[in-house]
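Reader: I have a structure open at the bench and would like to talk it through. Could we go over it together?

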Amino acid sequence: MKNISLTKLAIGLTISIFSISNINAQSVDQILSNGEVRGNFQLDMQYYQEDSLIGAQDVPEKILSNGFLNLVYTNGPFSMGVRYESYLNALLGFPDGYKGNGLTYRFASFQKKRLSVTVGNFYEQFGNGLIFRTYEERGLGYDNMMDGVRVKYSLARGLTVTGVTGVQRIFFEYGEGIVRGLDVELSLNEAINGFSESKTRIILGASGISKYQADQDSRYVLPENVGAGAGRINLTHGYFNVNAEYAYKANDPSADNGYIYKPGEALFVQTSYSRKGFGLVLAAKRNDNMSFRSDRTADQQNLLINYLPALTKQHTYNLLATLYPYAVQLNGEVAYQADLIYKFDKGSLLGGKYGMDIQVNYATANNLDTTHLNDELTKRQGYESKWFEVGEVYFKDFNTQLTKKFSKKVKGRFTYANLVYNKDVIEGKPGEPTVYANIGIADVTYKFNMRNSLRTEAQVLFTEQDQGDWATLLLEYSYSPHWFFALMDQYNYGNEDSKKQIHYYNASIGYNNGGNRITMSYGRQRAGIFCVGGVCRVVPASSGLYLSITSSF
Amino acid sequence: MKIIKSLLICALLFGTSLSYAQNTKNKIPAVDVKKMDGSKFNTGEIKNDGPIIINFWATWCSPCKRELNNIAEMYEDWVDETGVKLVAMSIDDTRNFAKVAPYVNGKGWEYDVYIDPNGDFKRALGVNNVPHTFLVDNKGNIVWQHNSYSEGDEYELYELVKKLAAGESIE
């Protein structure tokens, strides 16, 4: 019923737009010709083969596919869009909830002077996202977008207020909790006359979120409305920047925290200093009981209202990125990171003819230092944590990277990393030993001429734990601007079980032209963990033929 | 049935718009993004007398960084010869936001760098993944785009930039 009346409304609106008496045919033409349509499309398909050697299970459908199409129409201050998604059935490793087809995203928005309104689906974040961020990572199947109303109003110069209300997406449905929020951001340099040219730039922000979910629990009296608030500052002075945010969440018993009534807290600080040829970032983060979902019973990555970023380097090389990546621990962690980049000038001793870059990164994540309170039958606060102490090690990563051009034809990038990975906690596999790994990577590109080049990656990973040592060799030949070919072999030569000393070979070919790109590959895919922004998806081993088409228009 | 009906309506609306929209080229959408110091910037203000390259990248994306570092070596000459402007639009979110300025300065890039942490500009332009490059002529029309990067792609890009600067069509 609801949809039919919406359809009627849409028809009615369309007719009335065209029939407003004082718009003649010519100006209708003019209005329509200002319209712009944009969008994108992606289709990923895989034909699966059973491969008992690598543990690739039989897929009854044989072929699985994920696809989507986005269309956005804009005409001056008006904008509307839809997305159609298809999972027939979803590729291995995607959440089971993605099954079937449907329109999952539709919105309409307009802007009038200082007011901007969006109805339908939208993505929004307040500050750093500690209490509110809705976003999508299509490759991970992550999407917690809102369905509701968003209003932005620029109250005065430099002062913006954003209000949101809605429910959140979970696969092809919406969660039962309602999320309401308000954010105020003030740019002092814009707001205060005479401060606009100042070398010091300050942005202040404050936000609040409240969620509602009925209490139908027979065991506990649960808060139906849970509030959270955050304050932030972003200060820039010349080459120096500091961005800090503190968030507090009222008691929010949930499946994540074992239904305790302890409030949550988070502090996030990032500082940086950079000038030409030098950059330094120091960052710290502490989150304590800050899992915040619009359904208190939800798990995995479902219905999260907020975003707690991982403070570790986001690696890209295969062995480094997908064997032991860190995933944020929502219930509590303390994390630090330092990141340095330095450029040795051209002509200097170390720089040589073309210069050389060095990057050094160190990151740690630990559990909170907690004391169990044993108050399950009284106040149910669960535990106490000390602010300046840390507990068990979750993750450590020291890595350094040298980038150097040797000649017009040859350049290279060399990486060393040392990882400590608490598999027990990060993967939720009790009893698994912590992994200590050393990784070395040489990435060398040889350019035959302007169009032809060959890139080689040689990677090794040494560890006494888990699956033992690995080696990877990748050859990537590109014929610019349209073609590339790649061959890769990953070899688990150090596995204690000689039957598992397996080669994971893979060959791929890609073509792209304009906004279109087609990739095909055949071979084995090692089981791995794919992460974006600290959110990870475990992908099982598979074998077969893979096809991917993407297009933007 | 409901879904089919809604789809039909959408197809009708988009179809009508599409047939009209084809007569003209898409412009750069006006969306709020951030400068590296965290303050607001509206993409409607991206302007240049010559061609504009809009390049979507991220600090965690290797091919993106290879592309922008390769172009950086020649960028001064490109600007001198064609008046081109390169806008490097980072899609880094909170996790890596603070790393953008140190990376850009550390590498000594001379580009106009902005950050799109909420993905609004990315969605408005229909970008799937990074690196993704758009070429805009001096009237603000988007005339070409390219997804991914392979060594040497910058030469094709520059050939197109030169054509645009000379007032030629690159259809």
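**A walk through the two chains**

Author: We may begin with a loop. A:Gln213 lies in the loop between β12 (200-212) and β13 (225-237) of chain A. Please keep in mind that this is a predicted model.

Reader: Is A:Gln213 buried or exposed?

Author: A:Gln213 counts as buried because its relative accessible area is 5%, and the cut-off for buried is under 20%.

Reader: And what does its side chain touch? Which residue shares a polar contact with A:Gln213?

Author: The side chain of A:Gln213 makes a polar contact of 3.0 Å with that of A:Asp295.

Reader: What about A:Gln401, where is that one?

Author: A:Gln401 belongs to strand β19 of chain A, which covers residues 383-405. This glutamine is buried, with 7% relative accessibility. Its side chain has a polar contact of 3.0 Å with the side chain of A:Arg413, and another of 3.1 Å with the side chain of A:Thr415.

Reader: Let us turn to charges. How many salt bridges are there over all chains?

Author: The count comes to 40 over all chains. One of them pairs A:Glu124 with A:Arg150, at 3.0 Å from N to O. A:Glu124 sits in the loop between β5 (115-122) and β6 (136-137), and A:Arg150 in strand β8 (residues 146-156), so the bridge ties together parts of chain A that are 26 residues apart in sequence.

Reader: Are those two partners buried or exposed?

Author: A:Glu124 is buried at 6% relative accessible area, and A:Arg150 is buried at 12%.

Reader: Which residue forms a salt bridge with A:Arg293?

Author: The partner is A:Asp256, with the closest N and O atoms 2.7 Å apart. A:Arg293 is in the loop between β16 (278-288) and α4 (318-322), while A:Asp256 is in the loop between β14 (240-249) and β15 (264-275), so this pair ties together parts of chain A that are 37 residues apart in sequence. A:Arg293 is buried, with a relative accessible area of 4%, whereas A:Asp256 is partly exposed at 22%.

Reader: And A:Glu427, what is its partner?

Author: A:Glu427 bridges to A:Lys423, the closest N and O atoms being 3.9 Å apart. A:Glu427 is partly exposed at 24% relative accessibility, and A:Lys423 is buried at 8%. Elsewhere, salt bridges with shared partners link A:Arg83, A:Glu85, A:Glu136, A:Arg138, A:Asp143, A:Arg169, B:Asp120 and B:Arg123 into one network.

Reader: Now chain B, please. How many helices and strands does it have?

Author: Chain B has 5 helices and 7 strands, in the order α-β-β-β-α-β-α-β-α-β-β-α from the N terminus. Of its 171 residues, 63% count as buried.

Reader: How many residues of helix α3 of chain B are buried?

Author: In this helix (residues 97-107), 10 of the 11 residues are buried, including B:Phe97, B:Tyr103 and B:Lys107. B:Lys107 has a relative accessibility of 8%. Just after the helix, B:Gly108 takes a positive phi of about 70°.

Reader: How far is B:Lys107 from B:Tyr75 in space?

Author: They are 13 Å apart, C-alpha to C-alpha, and 32 residues apart in sequence.

Reader: Finally, which residues form the negative surface patch on chain B?

Author: The patch consists of B:Glu76, B:Asp77, B:Asp80 and B:Glu81. B:Glu76 lies in helix α2 (residues 62-82) of chain B and is exposed, with a relative accessible area of 64%.

Key:
Residues are numbered from 1 along each chain as its sequence is written. Chains are lettered from A and ligands numbered from 1 in the order in which they are written. This is a predicted model: local features need pLDDT of at least 70, side-chain atom pairs count only at pLDDT 80 or more; totals for chains, interfaces and linings use all residues. Side-chain values use heavy atoms; hydrogens and water are left out. Patches are made of residues with over 30% relative accessible area and no salt bridge: like charges are joined within 9 Å, nonpolar side chains (Val, Leu, Ile, Met, Phe, Trp, Tyr) within 5 Å. Accessible areas come from the Shrake-Rupley method with a 1.4 Å probe; for residues, only the protein chains shown count as cover. A salt bridge is a side-chain nitrogen of Lys or Arg within 4 Å of a carboxyl oxygen of Asp or Glu. Lys and Arg count as positive and Asp and Glu as negative; His and the chain ends are not counted. The place of a charge is taken as NZ of Lys, CZ of Arg, CG of Asp or CD of Glu. Helices (H or I, at least four residues) and strands (E, at least two) are DSSP runs, numbered from the N terminus. Buried means under 20% relative accessible area, exposed over 50%, partly exposed in between (1.4 Å probe, protein chains only). A polar contact is a pair of N or O atoms within 3.5 Å; within protein, one must be able to donate a hydrogen and the other to accept it, and residues adjacent in sequence count only if both atoms are side-chain atoms.
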